[in-house]
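Let's take a walk through this fold together. Have the sequence and the coordinates open side by side, and we'll go from the overall layout down to single residues.

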Amino acid sequence: MRAHPHRPPQSVTHATAGHLPVVSPPRRDMAPSSRKRHCETIKPKNSKTASMIYIVIPCYNEQEVLEDTTGKLASLIATMEGEQVRILYTDDGSRDATWALIGQMHDRYPFVEGVRLAHNVGHQRALWAGMEAVASRAEAIVSIDADLQDDIRVIPRMVACAGSVPPTRPSSV
């Protein structure tokens with residue numbers, strides 16, 4: 001059975017000796033998840049509880065930039081009052097010390113999480129695997145590249161604007 005083209009493929013999580021999971025990359029021939037997951041607009045923020053926002057960052061051989069990226073994002077997250085923000089690094093089968101650095105960042109910063117793909121599957125599929133990993137917990141997912149080629153200063157504005165958009169039903173394709 002082919003996976004639905006507009007739904008993330010399933011990922012299989014495996015326990016590891018460390019504190020971060022290793023995930024098998026999604027396969028093209030996997031059936032869609034038994035749970036219904038659709039792209040939805042972000043729900044308005046509840047003033048009583050903070051929303052959970054995930055910044056998903058696919059990584060492939062990013063050891064040179066990972067500490068700087070995490071430090072800059074930590075500074076940004078500190079300014080986002082009233083929001084629970086977490087970073088999920090998705091290691092796309094890196095051959096350098098990227099995974100070890102993700103573990104160090106996880107130990108240093110309580111909001112850093114990591115997922116390691118068993119082998120390289122490419123930027124978009126690694127991004128998708130990261131989004132699938134957090135979809136059940138996130139009210140909003142922001143994707144950026146590990147080298148910070150995107151301006152991270154717009155993230156708080158994006159989240160604020162998204163919170164003012166009323167929820168809609170996903171369109172069926």
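Before anything else, one term: two residues are in contact here when they have heavy atoms within 4.5 Å of each other. With that in hand, take the contacts in the protein chain with a separation of 6 or more: 78% of them come from residues 24 or more positions apart. Keep in mind that this is a predicted model.

Now the layout. The protein chain has 4 helices and 6 strands, and going along the sequence they come in the pattern β-β-β-α-β-α-β-α-β-α. Of the 173 residues in the chain, 40% are buried.

Start with a pair of helices. Helix α1 spans residues 66-79 and helix α2 spans residues 98-108; they pack at an angle of about 30°, and their axes are 10 Å apart. Angles under 35 degrees count as roughly parallel, so that is what α1 and α2 are to each other. Their crossing is right-handed. Who does the touching? On the α1 side you'll find Leu66, Glu67 and Thr70, while α2 brings Thr98, Leu101, Ile102, Met105 and Arg108. Sort the residues of this contact by type and you get 4 nonpolar, 2 polar and 2 charged.

Next, jump to helix α4, residues 155-163. Its buried residues are Ile155, Val159, Ala162 and Gly163. They sit on the same side of α4, because the arc they cover around the axis is only 100°. The spacing makes sense if you recall that an α-helix has 3.6 residues a turn, so residues three or four places apart point the same way. Flip to the face turned away from that buried side and you meet the exposed residues Arg157 and Cys161. And what do the buried residues of α4 pack against? Their partners are strand β3 (51-59), helix α1, strand β4 (83-91) and strand β6 (140-143).

Strand β4 is worth a stop of its own, since Asp91 is found there. Is Asp91 buried or exposed? Its relative accessibility is 0%, so Asp91 counts as buried. Leaving out residues up to four places away in sequence, Asp91 touches Cys59, Thr98, Trp99, Ile102, Val115, Arg116 and Leu117. Thr98 and Ile102 should ring a bell: both are among the α2 residues in the contact with α1.

Thr98 turns up once more when you look at Glu62, which lies in the loop between β3 and α1. Again skipping residues up to four places away in sequence, Glu62 touches Asp96, Thr98 and Ala146. Glu62 has a relative accessibility of 19%, and the cut-off for buried is under 20%, so Glu62 counts as buried. Here is a long-range pairing to check on screen: Glu62 and Asp147 are 85 residues apart in sequence, yet their C-alpha atoms are 7.7 Å apart in space.

Finally, have a look at two backbone angles. Asn61 is also placed in the loop between β3 and α1, and its phi is near 50°, a positive value in a residue other than glycine. Asn61 is partly exposed, with 31% relative accessible area. Leu148, in the loop between β6 and α4, also isn't a glycine and has a positive phi, of about 55°. Leu148 counts as buried, at 18% relative accessibility.

How values were computed:
Residues are numbered from 1 along each chain as its sequence is written. This is a predicted model: local features need pLDDT of at least 70, side-chain atom pairs count only at pLDDT 80 or more; totals for chains, interfaces and linings use all residues. Side-chain values use heavy atoms; hydrogens and water are left out. Axes are lines fitted to C-alpha atoms, for helices over the stretch in contact, and angles run from 0 to 180 degrees between N-to-C directions. Angles under 35 degrees count as roughly parallel, over 145 as roughly antiparallel, 65 to 115 as roughly perpendicular and the rest as oblique. A crossing is left-handed if the near helix is turned anticlockwise from the far one by less than a right angle, and right-handed if clockwise. Ala, Val, Leu, Ile, Met, Phe, Trp, Tyr, Cys and Pro count as nonpolar, Asp, Glu, Lys and Arg as charged, and the others, Gly among them, as polar. Buried means under 20% relative accessible area, exposed over 50%, partly exposed in between (1.4 Å probe, protein chains only). The arc is that of the directions from the helix axis to the C-beta atoms.
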